[in-house]
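Work through the exercises below with the sequence and the 3D view open. Try each task before reading its solution.

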Amino acid sequence: MYRRILLSIARLRALSFLCVAVLSLLSVNTYAANSIDGIRVWPAPENTRIVFDVKQKPDYKFFTLSKPNRLVIDFTNTKNTVALKNLAVNDPRVKLFRSSVNKGKTRLVLELTKSYQLTVFPLAPAGQYGHRLVIDLYDKNRSKKNVSKPKKSVGDIIIGIDAGHGGEDPGSIGGKGTYEKRVTLAIAKKLQKVINKEKGMKAVMIRSGDYYVNLNRRTSLARDKHVDFLVSIHADAFHTPGPSGASVWVVTKSRAESELSRWLVNREKKSELLGGGGGVIKNTSDSHLALALADMSKEHSLGVSFGVANNVIKELKKITKMHKSTPQNGNFAVLKSSDIPSILVETGFISNHKEEKNLTWSKHQQRLANAIHGGIKKHFLAHPLTGSYFASVGYKKHKVRSGESLSVLAKRYNISMSKLKSINKLKTNSLRIGQTLKIPRTG
């Protein structure tokens, strides 16, 4: 009897140990159901984006603390596999990452330099990425803080340069692993330099480093920087390596009109988006006048966009193959503003093996930058902005009408007949009706 009792006790102990082992195993398996496999930190002038790569859809909660400022994220049933020590080394907003584990939860604490506006959201798998949790820390009052008025000389035409993609968004990826975001930034920086060497032009960058800028924010930044013209730089891609060549895009008229309609509904608050007539558009009680002025602004913007696009295409044809030889219409968010003329340049197909190699070649990048600059310059020399330096140099065009002679035109434009003949390479004093002459501008 005593022996049976001892045997039963031994069996119960063994069963107990087995249950503990099973529960422990289940606990480990549950805890390891998800994992943080990567953390990327993207500092930008206005914000810092932190991206957590997670194996499965994240189960999380977060809250903030003050004195000192901290952001706390609790990941349920998740283990962290990422070293945290050096993640915040180059970031102005996050001082330190640290973690702890408690009751099946991994807690990540971000020690912050101060209080920030915060957005936290998960992202489903897309492209090369799996599940992600994204955190954006925005500077408070960033619109006022980061509005930088360019050092503009009298008469400068301000050209906004938008390097496509950036940061967490690599854009298209070439067969050899080339990221579109790096190509666009390299070309943009070269374009900035060549524009800034041109008297009468000034370049400002919408994105100056490897960080992401929201598409709507790009046009807002262009407006904040008082941009006269915006050029967005991209590299095309296709699912096969065959297609090649550059192209230039302008916004579709329907997209411009839909944005215009949206602004007109609340024109009192949005008059700054409607160009030079904004003050009148804001204050008038005549909706028809407001619509007419806004429509004129839109039509002018579209006209300038097409004019620059045609000139840029002419210059690009000299240095690279064209995928499309005329301006294309596209529904691009970065081109939507009715008050800012703009183009989007697809510099080539990153999915094409030859063009991928060219797009990473510094010399070809410089050629592309020179061509884009040349096209923009050519348009604004022919159609200079009022009060700009370009309005006082170069040439304007005059079409000869009935009754006009070389002497009459020379007197009208205060120029000698010999100089007028020389500029237009005329061998005689005779003119024909409809003939186009170049007339030099004077300051």
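**Exercise 1.** Which side chain meets that of Arg217 in a salt bridge?

*Solution.* The model is a predicted one.
Step 1. Side chains of opposite charge can pair when their charged atoms come close.
Step 2. The partner of Arg217 is Asp224, with 3.8 Å from N to O. A salt bridge requires the nitrogen to be within 4 Å of the carboxyl oxygen, so this pair counts.
Step 3. Arg217 has a relative accessibility of 15%. Buried means under 20%, so Arg217 counts as buried.

**Exercise 2.** Describe helix H4 and what lies at its two ends.

*Solution.* Step 1. Helix H4 covers residues 215-224. Its buried residues include Arg218, Leu221 and Ala222.
Step 2. At the start of H4, Asn214 places a side-chain oxygen within 2.8 Å of the backbone nitrogen of Asn216.
Step 3. After H4 comes His226, which has a positive phi near 60 degrees.

**Exercise 3.** Find the order of the strands in the open sheet that contains E1, and identify its edges.

*Solution.* Step 1. The sheet has five strands in the order E5-E1-E2-E9-E8, with mixed pairing.
Step 2. Strands E5 (78-80) and E8 (117-123) are the edges, as each pairs on one side only.
Step 3. On average, neighbouring strands of this sheet are turned by 25 degrees against each other, direction ignored.
Step 4. Strands E1 (residues 34-43) and E2 (residues 47-54) run antiparallel and are joined by seven bridges. Ile39 stands opposite Phe52 in E2.

**Exercise 4.** Why does the salt bridge between Glu168 and Arg40 tie together parts that are apart in sequence?

*Solution.* Step 1. The closest N and O atoms of Glu168 and Arg40 are 2.4 Å apart.
Step 2. Glu168 lies in the loop between strand E10 (157-163) and helix H3 (180-196), while Arg40 lies in strand E1, so the pair ties together parts 128 residues apart in sequence.
Step 3. Glu168 and Arg40 are both buried. They belong to a network of salt bridges that also links Asp53 and Arg132.

**Exercise 5.** Is Asp136, the salt-bridge partner of Arg49, buried or exposed?

*Solution.* Step 1. In the salt bridge of Arg49 with Asp136, the closest N and O atoms are 2.8 Å apart.
Step 2. Arg49 is in strand E2 and Asp136 in strand E9, so the pair ties together parts 87 residues apart in sequence.
Step 3. Asp136 has a relative accessible area of 2%, so Asp136 is buried. Arg49 is buried too, at 15%.

Key
Residues numbered from 1 in each chain as written. Predicted model: local features only at pLDDT ≥ 70, side-chain atom pairs only at ≥ 80, totals over all residues. Heavy atoms only, no water. Pairing = 2+ DSSP bridges. Helix = DSSP H or I, 4+ residues; strand = E, 2+ residues; numbered from the N terminus. Axes fitted to C-alpha atoms, helices over the stretch in contact; angles between N-to-C directions. Buried < 20%, exposed > 50% of the residue type's maximum accessible area, 1.4 Å probe, protein only. Polar contact = N/O pair within 3.5 Å; in protein donor to acceptor, adjacent residues only side chain to side chain.
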